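Here's a quick briefing to read with the 3D view open. Have a look around first, then work through the points below.

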Amino acid sequence: MIHKYKMNNYNIVLDVNGGAIHVVDDITYNILDLYKEKTLEEIKEVFHEYPAEKIEEAYREIQEMENENLLYSSADYMDSEDFKKRNPVLKAMCLHVVHDCNLKCEYCFASQGDFGGYKAYMTEEVGKKAIDYLISESGNRKNLEVDFFGGEPLMDFELVKTLVEYGNEKALEHNKQFRFTITTNGVLLDDEKIDYINKHMHNVVLSLDGRKEINDSMRKTVNDKGSYDLIVPKFQKLVEGRKNKYYYVRGTFTKKNLDFSEDVKHFKDLGFDLASIEPVVDSEYDDYAITEEDLEAIKKEYEKLAIEYAKDQVKGDPFKFFHFMVDLSQGPCIIKRVQGCGAGCEYVAVTPEGDIYPCHQFVGNEDFKLGNLLEETIEFPEEITKGFLNSHVFSKPSCENCWAKFYCSGGCHANAYNFNKDLQKPYELGCELQRKRTECAIMVEVSKMMEQANG
């Protein structure tokens, strides 16, 4: 299978299964439409406007690339021993230290922090049992990840610090290493918290939606004031102190700011070097929800952003847009490309009460509850874990002929279930946007490679 498209004056061809990227001339680009269906002589008749020798040359080049498995390569991942014998172990955990929040964002999937339930704070006992459980279920894996999440985790920062200290102690005992992340809206940041986060957190996710008027229309404080002026100076101070440590600013765009490229530029103007901005995922009945009628405008906006971004990347601009970062070497591993995030198998979320769910977006849905850390023995329901393990790009009918499947790994399980009540049926609107982002990301890498090739 191949996928070809035009963007930023490049004719780009992707070999879907192998991941090879080609930039071709117009003749080759056009011939590829008929290469598998017609003979060379028939192709010459169709494209009679091109010189016969040029068509023959392009045809031979396509043949050579096919023979070298650089085009039309086969998908043999299902035959991979790594895939056949995969026996995932737990490697990451989302710790919901608080089910409470000091913002009331309109689009919040967590219902302003309580996940549709009641406000709750994790106890030290539950937090330590979560760390112990992650270690015990991690097999021979050394590097483990914990994301302090909420609600807003800074609302119980003392527990966060206690669990970081406890985790590091236990890691030494068991020859493990923790990478801690904290996701915060920034309201409660102060100098002490900033210093601690920059010293102990491997990654920080900072929630901000872009321009002041955009952010403040959706991300309000409990007294209905905008949060922008309160949090931006704190984020800037935190980022300044992180030096070379990882972080990113994470925003959400809605129907109200389909010109979201301006928000990405605003992140850059604020001095942030790594940012993402996600399309809101919500019921079409909400006035800010993205619907099918918005798709073309969003795709054009992505392409507009990508072309400007590519120019800056070619010049060596340090700013990175998360959704336009792609590994053309076909990393990471086969299982990751096919299986995705590992929810319910390699990754789980733990609530303040100790309930375990496949990921943070399933929290509160009792049909997907895997167990509780306070139980004497924990044995995940096989029908749930197998459902996630067997939900991958080769099991989903709509992924079969999708050229982007090895870049999205079949999409978000939670979106599939929430919109279609079926893990095997991806959220199509999300798929459309993922395909466009992937085209943009590949084009950016092509721009950089062409610049290097041309000196």
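Which residues are buried in α10? They are Ser261, Asp263, Val264, His266 and Phe267. Keep in mind that you're looking at a predicted model.

**Around helix α10**
- The buried residues of α10 have plenty of company: they pack against the helices α8 (212-218), α9 (228-242) and α11 (295-314).
- Strands join in too, as those buried residues also pack against β10, β11 (274-279) and β12 (320-321).
- Here's a handy rule for looking at helices: an α-helix has 3.6 residues a turn, so residues three or four places apart point the same way.
- Try it on the buried set, which includes Asp263 and Phe267, and also Val264.
- Step just past the end of α10 and you'll meet Gly271, which takes a positive phi of about 100°.

**Asn257, in the loop before α10**
- Find Asn257 in the loop that links β10 (248-253) to α10 (261-269).
- Its relative accessible area is 2%, and buried means under 20%, so Asn257 counts as buried.
- The side chain of Asn257 reaches the backbone nitrogen of Thr254, at 2.9 Å.
- Setting aside residues up to four places away in sequence, Asn257 touches Arg211, Ile214, Thr252 and Asp263.
- One of those partners, Asp263, is also on the list of buried residues in α10.

**Ala120, in strand β6**
- Now jump to Ala120, which sits in strand β6 (residues 120-121).
- With a relative accessible area of 10%, Ala120 is buried.
- Not counting neighbours within four places in sequence, Ala120 is in contact with Val98, His99, Pro352 and Glu353.
- For a sense of distance, pick out Ala120 and Gly410: they're 290 residues apart in sequence and 33 Å apart in space, C-alpha to C-alpha.

**The whole chain**
- Zoom out and you'll find 16 helices and 15 strands.
- The radius of gyration is 24 Å, close to the 23 Å that the globule rule gives for 455 residues, so the chain is as compact as a globular protein of that length.
- Along its principal axes, the C-alpha trace spans about 75 × 50 × 45 Å.
- Of the 455 residues, 54% count as buried.
- Among contacts with a separation of 6 or more, 70% come from residues 24 or more positions apart.
- About 21,200 Å² of the chain is exposed, and carbon and sulfur atoms supply 46% of that.
- There are 56 positive and 82 negative side chains, and the centres of the two sets lie 3 Å apart.

Key:
Residues are numbered from 1 along each chain as its sequence is written. This is a predicted model: local features need pLDDT of at least 70, side-chain atom pairs count only at pLDDT 80 or more; totals for chains, interfaces and linings use all residues. Side-chain values use heavy atoms; hydrogens and water are left out. Helices (H or I, at least four residues) and strands (E, at least two) are DSSP runs, numbered from the N terminus. Buried means under 20% relative accessible area, exposed over 50%, partly exposed in between (1.4 Å probe, protein chains only). A polar contact is a pair of N or O atoms within 3.5 Å; within protein, one must be able to donate a hydrogen and the other to accept it, and residues adjacent in sequence count only if both atoms are side-chain atoms. Contact means heavy atoms within 4.5 Å. The radius of gyration is taken over C-alpha atoms; the globule rule is 2.2 Å times the number of residues to the power 0.38. Accessible areas come from the Shrake-Rupley method with a 1.4 Å probe; for residues, only the protein chains shown count as cover. Lys and Arg count as positive and Asp and Glu as negative; His and the chain ends are not counted. The place of a charge is taken as NZ of Lys, CZ of Arg, CG of Asp or CD of Glu.
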